[in-house]
Amino acid sequence: MLLAIGYLKLGRSRVLNWGATPDEVKSPIPGDELLQDAEMVATRAITIDAPPAAIWPWLVQMGLGRGGAYTYDWIERLFGLDIHNVDHIVPELQNLAVGDVIPMRPNDPGMRVEVLEPERAMSARSEDGEWVWSFVLAPDNGSTRLISRNRARVRGAGERAAVMERKMLRTIKQLAETLEAQRRT
C-alpha cells in the first residue's frame, strides 16, 4: 500500500514525464487540441545534438511496415508485432501527408496524421479517437529538443508505454546524431 502511494506521489510523474522540463510538460503543443479530455497525458523529451532536419526523417517514416518504432524488437515480437526497425532513411517513406494513416499494430486502428509542420511538429490521432501522439522539434542552442506527448482516454497507458518510448527517443537520438555526423564529413 505504501509502495503504491509512493509511486503515485513520486514515481508516476517521472514515468509520465521522463526527460521533459516542467515548462515542456505544461506548455501546449500542436495536437493537444485533438484530444482535450484525455485521462492520461505523458510528455517525454530528449536533447539531440543535431538540427531538426536530421531528426525529422526518422519521425515521418515510423510505423508498422514502414521504418518501425525504434524500440526493443524482442518486446515488439513478444506482443505479436511484426515491426522491423530500420537504421537508415527510407526515401519512399518521406512523403507523409495530413490524412495519411500510419499503421501501428496489425488489425488495430491506425494513427491518422492530423498536424504536419515539416521539421517542427507532427501529430497523429488514432482512428478510434482514443489516443493522440504528437512530436515537436524545438531548436535549442545548436541542439534540438525532441518532445513527445501522448494523450489518451485510457488511464495507465502512459506507464505501460514508458520503457518503449524512452528506448524510441534514445534510438532516434543516436540515429539523428549519426546522420548529422555523416552530413558534416
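**Exercises: a cavity, two hairpins and some salt bridges**

E4 and E5 run antiparallel to each other, paired over 5 bridges (strands pair if DSSP finds at least two bridges between them; strands, E, of at least two residues and helices, H or I, of at least four are DSSP runs, numbered from the N terminus). We're working with a predicted model, where local features need pLDDT of at least 70 and side-chain atom pairs pLDDT 80 or more, while totals for chains, interfaces and linings use all residues. Residues are numbered from 1 along each chain as its sequence is written, and side-chain values use heavy atoms, with hydrogens and water left out.

**Exercise 1.** Follow the chain from E4 through E5 to E6 and describe both hairpins.

*Solution.* Start with E4 and E5: their hairpin leaves 4 residues between the strands, and glycine 129 in the turn has a positive phi of about 75 degrees. For the register, put alanine 121 opposite valine 136 in E5. Next, E5 pairs with E6 (residues 143–152), antiparallel over 10 bridges. Here alanine 138 has arginine 145 in E6 as its bridge partner. This hairpin has 2 residues between the strands, and asparagine 141 takes a positive phi near 50 degrees.

**Exercise 2.** Find what lines the largest cavity.

*Solution.* First, search the whole structure: 1 cavity of 30 Å³ or more turns up. (On a 1 Å grid over the protein atoms alone, a cavity is a set of points where a 1.4 Å probe fits but cannot get out; lining residues have an atom within 4 Å of a point. Points are joined across faces, edges and corners, and the volume is the space filled by probe spheres set on them.) The largest cavity holds about 80 Å³. Its lining includes Leu59, Ile102, Met122, Trp133 and Phe135. The elements giving two or more residues are strand E4 (121–126) and strand E5 (131–140).

**Exercise 3.** Which residues are joined to Asp32 in one salt-bridge network?

*Solution.* Take a side-chain nitrogen of Lys or Arg within 4 Å of a carboxyl oxygen of Asp or Glu as a salt bridge; the count is 12. Arginine 149 reaches aspartate 32 at 2.7 Å. That pair links strand E6 to the loop between helix H2 (22–26) and strand E1 (40–48), 117 residues apart. Both residues are buried (under 20% relative accessible area, 1.4 Å probe, protein chains only). Now add arginine 151, which meets aspartate 32 at 3.9 Å, N to O. Shared partners thus join Asp32, Arg149 and Arg151 into one network.

Terms used
On a 1 Å grid over the protein atoms alone, a cavity is a set of points where a 1.4 Å probe fits but cannot get out, and a pocket is an open set with protein on both sides within 12 Å along at least five of seven lines; lining residues have an atom within 4 Å of a point. Buried means under 20% relative accessible area, exposed over 50%, partly exposed in between (1.4 Å probe, protein chains only).
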